[in-house]
Each structure stands twice: as structure tokens, then as C-alpha cells.
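Let's take this one apart by asking how each label is earned. Have the sequence and the 3D view open while you read.

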Amino acid sequence: MKEPQRIQLNVRVTKDTADKLDEIVDYYQENTKIGRIYKGDVLTDIIEKSYDIMQKQKRLNR
């Protein structure tokens, strides 16, 4: 199976936001059984879930 194409995003966030992301990554690490969890994996999961919610809301508003 072909690996999805990846791009690198360089963003600046506040220290507080970075700390929250670290805490979320730790939570994912403790509560999943798939091995090492990376920040990119967590951000991808959050974005995909948010996108799904947005799409559902858009359909409901039509």
C-alpha cells in the first residue's frame, strides 16, 4: 500500500498551546495501544475529526 504524501507545516503557537499539545500527546500515548504517538499523528487526528464535524454541520445547515 502506498504511503500518503506528507508535507511539513511550520507554525508558531503560544507556549500554552504547545504545552496543551504535549499533554494531549501524552494522553493519546497512555490510552492507545498502537505504539509511539507523535505530535503530527495527534494533530492529524484532531483535524480529521474537526473536519468531519464541520462537514456534518454544513449538511445540517442546508
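**Pockets, pairs and labels**

The largest pocket in this predicted model has a volume of about 430 Å³.

Q: Which residues line the largest pocket?
A: The lining is made by Pro4, Gln5, Arg6, Ile7, Gln8, Leu9, Val11, Gly40, Leu43, Thr44, Ile47 and Glu48.

Q: How do the residues of that lining divide into nonpolar, polar and charged?
A: You get six nonpolar, four polar and two charged residues. Gly counts as polar here, and Gly40 is one of the lining residues.

Q: What is the volume of the second largest pocket, and which residues line it?
A: The volume is about 190 Å³. Val11, Val13, Thr17, Ala18, Lys20, Leu21, Ile24, Lys39, Leu43 and Ile46 form the lining. Helix H1 (15-31) and helix H2 (39-60) are the elements that give two or more residues to it, and H1 gives the most, with five. By type, the lining of the second largest pocket has seven nonpolar, one polar and two charged residues.

Q: Why is Leu21 called buried?
A: The cut-off for buried is under 20% relative accessible area. Leu21 comes in at 17%, so the label buried applies. Leu21 belongs to helix H1 and is among the residues lining the second largest pocket.

Q: How many salt bridges are there by this rule?
A: The count comes to five. Three of them, Arg6 with Asp41, Lys20 with Asp16 and Asp22 with Lys39, are worth going through in turn.

Q: What makes Arg6 and Asp41 a salt bridge?
A: The rule asks for a side-chain nitrogen of Lys or Arg within 4 Å of a carboxyl oxygen of Asp or Glu. The closest N and O atoms of Arg6 and Asp41 are 4.0 Å apart, and the pair is counted as a salt bridge. Arg6 lies in the segment before H1 and Asp41 in helix H2, so the bridge ties together parts that are 35 residues apart in sequence.

Q: Are the two partners, Arg6 and Asp41, exposed or partly exposed?
A: Exposed means over 50%. Arg6 has a relative accessible area of 60%, so it is exposed. Asp41 has 34% relative accessibility, so partly exposed is the label there.

Q: How do you know that Lys20 and Asp16 form a salt bridge?
A: Their side chains meet at 3.3 Å, N to O, and the limit is 4 Å. Why are they about one helical turn apart? Because Lys20 and Asp16 are four residues apart in helix H1. Lys20 is partly exposed at 48%, and Asp16 is partly exposed at 43%.

Q: What makes Asp22 and Lys39 a salt bridge, and which helices hold them?
A: The closest N and O atoms of Asp22 and Lys39 are 2.9 Å apart, against a limit of 4 Å. Asp22 sits in helix H1 and Lys39 in helix H2, 17 residues apart, so this pair links distant parts of the chain. Both ends are partly exposed, Asp22 at 29% and Lys39 at 42%.

Q: Why is the charged end of Arg36 said to sit over the ring of Tyr38?
A: A charge needs to be within 6 Å of the ring centre and within 35 degrees of the ring normal. The charged end of Arg36 is 5.3 Å from the centre of the Tyr38 ring, and sits over that ring.

Q: How many aromatic pairs does a search of the whole structure find?
A: Zero.

Conventions. Residues are numbered from 1 along each chain as its sequence is written. This is a predicted model: local features need pLDDT of at least 70, side-chain atom pairs count only at pLDDT 80 or more; totals for chains, interfaces and linings use all residues. Side-chain values use heavy atoms; hydrogens and water are left out. On a 1 Å grid over the protein atoms alone, a cavity is a set of points where a 1.4 Å probe fits but cannot get out, and a pocket is an open set with protein on both sides within 12 Å along at least five of seven lines; lining residues have an atom within 4 Å of a point. Grid points are joined across faces, edges and corners, and a volume is the space filled by probe spheres set on the points. Rings of Phe, Tyr and Trp (its six-membered ring) pair if their centres lie within 6.5 Å; planes under 30 degrees apart count as stacked, over 60 as edge-to-face and the rest as tilted. Buried means under 20% relative accessible area, exposed over 50%, partly exposed in between (1.4 Å probe, protein chains only).
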